Amino acid sequence: MLIRIKGAISNCYLLLGEKPVLVDTGAPGDLKRILAALQANGVEPKQLGLILLTHGHSDHAGCAAELKRRSGALIALHTGDVRLVRAGENGVLAAQDTMGRIVRPFVDEQFEAFEPDLQFRDGFSLEPHGIKGRVLATPGHTLGSASVVLASGEAIIGDVLRGSMLWPNRASPHFFCNDPELNNLSIVRLAREGLMRCHPGIFGSFPGSELQRFLATTSGQVMELSGEPV
Ligand SMILES: [Zn+2]
C-alpha cells in the first residue's frame, strides 16, 4: 500500500509492505507531519528499515538526518546527488519557467547535511527491504534523481514531472530541471514500464498515460493542455 504524506512543499510516500519504507523526507519543517503520518498508519519510526530519497533537494531530503536518528533506518540515495546532501544544499536549481523563477527563493533552503548509507548508480530491488518493487535511475531534474517502480504498476517519480496545480490527473513539467534532455530520456524509461499511476514530488498523482502525452507534445503544449498559465 502506498500512502501520500503531504509536506509544506512536496510529497513523501510511505510504502507498507512486509516492512515499511519511507520515500523522501520533506522539507526541513516537515518532521511533525511525517511523524504524525507514520503514527496514523501504525508505524513506529524504529520499524522503518529504509529511507529512500528520490533526489537530494531540500524538500525531499530535508528531514532525512533527523528521521535517521529517530529510526535507525538506512538512507539510500543515487551517487549523483551525494554531494548535495553532504553539503545540505540544493546546488543549481535551473528554473524552467516564470513560476520557477518566482518560487525559487522560497524553496531554495539549506538542510541538515548527512552521509547516505546506501549509494546506488543504476538502481536496485526493494524486495530485500520488504517492498515488491525496484528503484530506477531517472536523472535530469538532478544528476542523482531516481524513481520507485512498484509491482502494483504505480511509481513514485520524485521531480521527473510534477502534478498539476489546478487539474487532477495531469502531469506538468517541474519548475526546475538541470538537464531537460536527460530528463526526457528518463520519462521515456518510465513510459516503457507501462505504469498505471505516477506519484510525483509536487501536487497530485496522474495516470501513466500522461508520460506518453508529455513525450508527444512540447512542454508549452503540455502546460496549455493542463490549463495552467505558460
Ligand atoms: Zn527537486
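Two strands are said to pair if DSSP finds at least two bridges between them, and the strands themselves (E, at least two residues), like the helices (H or I, at least four residues), are DSSP runs that are numbered from the N terminus. This is a predicted model, in which local features need pLDDT of at least 70 and side-chain atom pairs count only at pLDDT 80 or more, while totals for chains, interfaces and linings use all residues. Residues are numbered from 1 along each chain as its sequence is written.

## The chain as a whole

The chain has eight helices and 14 strands. Its radius of gyration, which is taken over C-alpha atoms, is 16 Å, close to the 17 Å that the globule rule gives for 230 residues, so the chain is as compact as a globular protein of that length. The globule rule used here is 2.2 Å times the number of residues to the power 0.38. Along the principal axes, the C-alpha trace of the chain spans about 45 × 35 × 30 Å.

A residue is called buried if 20 or more other C-beta atoms lie within 10 Å of its own, exposed if 12 or fewer do, and partly exposed in between, with the C-beta atoms placed from the backbone. By this count, 49% of the 230 residues of the chain are buried. Two residues are in contact if their C-beta atoms, again placed from the backbone, lie within 7 Å. Among the contacts in the chain with a separation of 6 or more, residues 24 or more positions apart account for 64%.

## The sheet from S1 to S6

Six strands form an open sheet with mixed pairing, in the order S1-S2-S3-S4-S5-S6. Strand S1 (2-6) and strand S6 (118-120) stand at the edges with a single partner strand each, so one side of each is left without a neighbour in the sheet. From one strand to the next, the twist averages 20°, where the axes are lines fitted to C-alpha atoms (for helices over the stretch in contact) and angles run from 0 to 180 degrees between N-to-C directions.

Within this sheet, strand S2 (residues 11-16) and strand S3 (residues 20-23) pair in the antiparallel sense over four bridges, and a hairpin of three residues joins S2 to S3. Leu-14 has Leu-22 in S3 as its bridge partner, while Leu-16 stands opposite Pro-20 in S3. On its other pairing, S3 runs parallel to strand S4 (residues 50-52) and is joined to S4 by three bridges, with Val-21 opposite Leu-50 in S4. The chain crosses from S3 through helix H1 (residues 31-40) to S4, and this β-α-β crossover is right-handed, a term which says that, with the strands pointing away from the viewer, the path from the first strand over the helix to the second runs clockwise.

In a regular strand the side chains alternate between the two faces of the sheet. In S3 both faces are covered, since Pro-20 and Leu-22 on one side and Val-21 and Val-23 on the other are all buried.

## The nonpolar core

A nonpolar core is a set of buried Ala, Val, Leu, Ile, Met, Phe, Trp, Tyr and Cys residues joined through C-beta atoms within 7 Å. The largest such core has 49 residues, and those with the most contacts inside it are Val-23, Ile-51, Leu-52 and Ala-155. Leu-52 touches Val-21, Val-23, Ala-76, Val-135 and Val-148, when residues up to four places away in sequence are not counted.

## The sheet from S7 to S14

Another open sheet of six strands, also with mixed pairing, has the order S7-S8-S9-S10-S13-S14. Its edge strands are strand S7 (123-125) and strand S14 (206-207), each of which pairs on one side only. Strand S10 (residues 154-158) and S13 pair in the parallel sense over four bridges, and Ala-155 stands opposite Cys-198 in S13. Strand S13 (residues 197-200) and S14 pair in the antiparallel sense over two bridges, with Pro-207 in S14 as the bridge partner of Arg-197.

## Residues with a positive phi

Two residues that are not glycines are set side by side here.

| Residue | Phi | Place | C-beta neighbours within 10 Å |
|---|---|---|---|
| Asp-24 | about 75° | loop between S3 and H1 | 30, buried |
| Asn-169 | about 65° | loop between strand S11 (162-163) and strand S12 (171-172) | 14, partly exposed |

In the hairpin of S13 and S14, which has five residues between the strands, Phe-203 also takes a positive phi, near 65°.
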